[in-house]
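Please find below my notes on the model you sent round, set out as numbered points for discussion.

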Amino acid sequence: MLMNREQIQSLYEAFGRGDAGTVLGAFDPEIIWNEAENSTYADRNPYVGPQQVGEGVFGRIGAEWEGFTVTPETILQDGDVVVALGRYRGTFMATGRRLDAQFVHVWTLRGERITRFQQYTDTAQYARVTEHVAK
């Protein structure tokens with residue numbers, strides 16, 4: 001059995017390989033997922049369940065970004081809560097602008113299942129990178 005910190009690290013590695021199935025498979029069926037307020041994908045907050053996260057977040061990122069990466073630089077654990085600090089990088093295809101934004105992810109686990117996710121990120125940078133795109 002992996003420690004919570006190691007489990008979250010392995011999820012970032014799976015995401016980096018494009019293995020969304022492994023990532024979504026670690027989620028509790030009733031996971032509550034929240035994107036940062038005022039962020040590009042917060043329009044459907046809260047996402048409930050792996051299917052909503054897969055379609056509403058991962059699917060949209062895959063369709064709108066080129067070379068999108070999520071790179072944790074520090075991962076901290078306090079019991080069932082894991083906090084990751086890192087950077088998002090990628091090019092928004094509709095504008096050709098590059099993103100290099102910091103993030104904080106707060107993961108909550110129960111046993112081996114992820115039950116909650118909260119993202120914090122540089123929403124102003126996202127707005128600059130994606131501006132002038134018809135929604």
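The points that follow take up the core, the aromatic pairs, the pocket, the cavity and two single residues of this predicted model.

1. The largest nonpolar core comprises 32 residues, and those with the most contacts inside it are Phe27, Trp33, Trp65, Trp107 and Ile114. The elements that contribute two or more residues to this core are the helices α1 (4-16), α3 (50-64) and α4 (123-130), together with the strands β1 (27-34), β3 (65-78), β4 (81-92), β5 (97-110) and β6 (113-121). Of these, β5 gives the most, with five residues.

2. Ile114 deserves a separate entry in this note. When residues up to four places away in sequence are not counted, Ile114 touches Gln7, Ile8 and Leu11, then Ala26, Phe27, Asp28 and Ile31, and finally Trp107, Thr108 and Leu109. Two of these partners, Phe27 and Trp107, are also listed with Ile114 among the residues that have the most contacts inside the core.

3. A search of the whole structure returns 14 aromatic pairs. One of them joins Tyr88 and Tyr126, whose ring centres are 6.1 Å apart and whose planes stand at 75°, so the pair is classed as edge-to-face. Because Tyr88 belongs to strand β4 and Tyr126 to helix α4, the pair ties together parts that are 38 residues apart in sequence. Both tyrosines, Tyr88 and Tyr126, are buried.

4. The largest pocket has a volume of about 200 Å³. Its lining is made up of Phe15, Gly16, Gly18, Asp19, Ala20, Phe58, Ile61, Gly62, Trp65, Phe68 and Thr69, and the elements that supply two or more residues to this lining are α1, α3 and β3. By class, the lining of the largest pocket divides into six nonpolar residues, four polar and one charged.

5. The structure also holds one cavity of 30 Å³ or more, and the volume of the largest cavity is about 250 Å³. Its lining consists of 21 residues, of which Trp33, Phe58, Val70, Tyr88 and His105 lie nearest the centre of the cavity. Two or more lining residues come from each of α1, α3, β3, β5 and β6. In terms of class, the lining of the largest cavity has 15 nonpolar, five polar and one charged residues.

6. Some residues recur in these points. Phe58 is among the residues that line the largest pocket, and Phe58 is also listed with those nearest the centre of the largest cavity. Trp65, for its part, is named among the residues with the most contacts inside the core and lines the largest pocket.

7. Which loop holds Gly111? Gly111 is found in the loop between β5 and β6, and its relative accessibility is 53%, so Gly111 counts as exposed. Its C-alpha atom lies 8.2 Å from that of Asp80, although the two residues are 31 residues apart in sequence.

8. Is Asn34 buried or exposed? Asn34, which has its place in strand β1, counts as buried because its relative accessibility is 15%. Leaving aside neighbours within four places in sequence, Asn34 is in contact with Asn45 and Pro46, and also with Arg116, Phe117, Gln118 and Gln119. Glu73, by contrast, is 39 residues from Asn34 along the chain, and the C-alpha atoms of these two residues are separated by 21 Å.

Notes:
Residues are numbered from 1 along each chain as its sequence is written. This is a predicted model: local features need pLDDT of at least 70, side-chain atom pairs count only at pLDDT 80 or more; totals for chains, interfaces and linings use all residues. Side-chain values use heavy atoms; hydrogens and water are left out. A nonpolar core is a set of buried Ala, Val, Leu, Ile, Met, Phe, Trp, Tyr and Cys residues joined through side-chain atoms within 4.5 Å. Buried means under 20% relative accessible area, exposed over 50%, partly exposed in between (1.4 Å probe, protein chains only). Helices (H or I, at least four residues) and strands (E, at least two) are DSSP runs, numbered from the N terminus. Contact means heavy atoms within 4.5 Å. Rings of Phe, Tyr and Trp (its six-membered ring) pair if their centres lie within 6.5 Å; planes under 30 degrees apart count as stacked, over 60 as edge-to-face and the rest as tilted. On a 1 Å grid over the protein atoms alone, a cavity is a set of points where a 1.4 Å probe fits but cannot get out, and a pocket is an open set with protein on both sides within 12 Å along at least five of seven lines; lining residues have an atom within 4 Å of a point. Grid points are joined across faces, edges and corners, and a volume is the space filled by probe spheres set on the points. Ala, Val, Leu, Ile, Met, Phe, Trp, Tyr, Cys and Pro count as nonpolar, Asp, Glu, Lys and Arg as charged, and the others, Gly among them, as polar.
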